[in-house]
Amino acid sequence: MSYIFEALQRAEAERSGGSLPKNADSVADLLQGVEQEIERKQSLSELPAAAKPESPGAETFAAAKVLLPALPADARLVCLTEQGGLAAEKFRVLGLKLRHLREQRKLKRIVITSSIPAEGKSLIAANLALNQSRSKILNTVLIDGDLRRPELARRFGFHRDLAGLSEVLRGERQLSEVVYKIEGSGLWFIPAGVTPENPIELMQSGRLQQLLEQLGAFFHWIIIDTPPVLPLADTPLWMKLADGVLLVTREGVCEKKQLERTVEVIDRSTMLGVIVNNCNSNEQKYYYARYSSAAIGKESSSPAAER
């Protein structure tokens, strides 16, 4: 059904102090208006911070090396290749919810994780970051924090040995040398780098906190793709440094007991929510079939079409 669309309409009416929009036929149109209003407000308080970096070298990120994606067939980066599609619209709704939360609490560093491998956390992290990077006001960086089995560089079609987080933590590279700009988007990217022998030891070296603080002086959104929670110790380290955690679970992959164990590990004060990947909800399919831009375009050619 259209409950998500109607809820967004009500939220925007309450925000603006007016009545429900009469001509908001598409969720995309409504989302655009809400996003613009939120970003306008946030720009008043956050642009000065970005204009005056708090740490040395932060301003150099704007001159990052540009990488051209060569997406593999299974990339599924819909927020880059199909921005007007239904899947990308779901990430716009998620991004809008995060912007609303940002008005109520500190929310800059967001960890994306899962209970076990193969639940789609990297896919969610990449698309969410691409969506957030559409903003002309708020800068976004995507970090591949999975130093054991990094996935993001491959998903964008970059070489897996691209220098990144590992090299910075080992003191071999400066942070400004491993922050890349992805062509065709507004997104900055830090790959995992060459896989270290002992990821936990490297992460506990004391450089990680400093690295995030330096990034925070320039970027408004820091999206971090981390390893699964079970049974590794890497992700709890990331979560201690995060403002919020999004847990990805995949229908038909993660068992109930595994999900329960993961939720117990996550600090409830940082838990932003759970994203159900590969969901087979007929209600959601009906909603997107009715309110997609493509469906509305077809209906506009028929004045008698039922809305």
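Trainee: How many helices and strands does the protein have?

Mentor: Bear in mind that this is a predicted model. The protein has 13 helices and eight strands.

Trainee: And what share of the residues is buried?

Mentor: Of the 307 residues in the protein, 51% are buried. For a feel of how the chain comes back on itself, look at contacts between residues at least 6 apart in sequence: 79% of those join residues at least 24 apart.

Trainee: Let's try a pair of helices. What describes two packed helices?

Mentor: You give the angle between their axes and the distance between the axes. Here, take helix H4 (residues 86–104) and helix H5 (residues 121–132): they pack at an angle of about 70 degrees, and their axes are 9 Å apart. H4 is therefore roughly perpendicular to H5, since 65 to 115 degrees is the range for that label.

Trainee: Is the crossing of H4 and H5 left-handed or right-handed?

Mentor: Right-handed, as H4 passes H5.

Trainee: Which residues meet there?

Mentor: From H4 you have Phe-91, Arg-92, Leu-94, Gly-95, Leu-98 and Arg-99, and on the H5 side they meet Ile-124, Asn-127, Leu-128, Asn-131 and Gln-132. Sort the residues of that contact by character and you get five nonpolar, four polar and two charged.

Trainee: Now a single helix. Which residues of helix H9 are buried?

Mentor: H9 covers residues 207–216, and its buried residues are Leu-208, Leu-211, Leu-212, Gln-214 and Leu-215. The trick is to look down the axis: the buried residues of H9 fall within an arc of 160 degrees, so they line one face of the helix.

Trainee: On to the loops. Where is Leu-71 found?

Mentor: Leu-71 sits in the loop between strand S1 (65–67) and helix H3 (78–81). With 31% relative accessibility, Leu-71 counts as partly exposed, because that label covers values between 20% and 50%.

Trainee: What is Leu-71 in contact with, leaving aside its neighbours within four places in sequence?

Mentor: Its partners are Leu-77, Leu-80, Thr-81, Arg-155 and Phe-156. Take Phe-156: along the chain it is 85 residues from Leu-71, yet the two C-alpha atoms are separated by 5.2 Å.

Trainee: What about Leu-138, buried or exposed?

Mentor: Buried, at a relative accessible area of 1%. Leu-138 also belongs to a loop, the one between H5 and strand S3 (140–144). Try the sequence-versus-space comparison again with Phe-218: it is 80 residues from Leu-138 in sequence, and the C-alpha to C-alpha distance is 9.5 Å.

Trainee: Let's do backbone torsions. Which residues does a cis peptide bond join?

Mentor: Check omega. Between Leu-230 and Pro-231 omega is about -5 degrees, and the peptide bond there is cis. Pro-231 is in the loop between strand S6 (221–225) and helix H10 (234–240).

Trainee: And phi? What is the value for Arg-76?

Mentor: About 55 degrees, so to speak on the positive side, although Arg-76 is not a glycine. Arg-76 is in the loop between S1 and H3, and this residue is exposed, with a relative accessible area of 57%.

Trainee: Where does Ala-118 lie?

Mentor: In the loop between strand S2 (109–114) and H5. Phi of Ala-118 is positive too, near 70 degrees, and Ala-118 is a residue other than glycine. Ala-118 is exposed, with a relative accessible area of 57%.

Definitions and conventions: Residues numbered from 1 in each chain as written. Predicted model: local features only at pLDDT ≥ 70, side-chain atom pairs only at ≥ 80, totals over all residues. Heavy atoms only, no water. Axes fitted to C-alpha atoms, helices over the stretch in contact; angles between N-to-C directions. Helix = DSSP H or I, 4+ residues; strand = E, 2+ residues; numbered from the N terminus. Parallel < 35°, antiparallel > 145°, perpendicular 65-115°, else oblique. Left-handed = near helix turned anticlockwise from the far one by under 90°. Contact = heavy atoms within 4.5 Å. Nonpolar A, V, L, I, M, F, W, Y, C, P; charged D, E, K, R; others polar. Buried < 20%, exposed > 50% of the residue type's maximum accessible area, 1.4 Å probe, protein only. Arc of directions from axis to C-beta.
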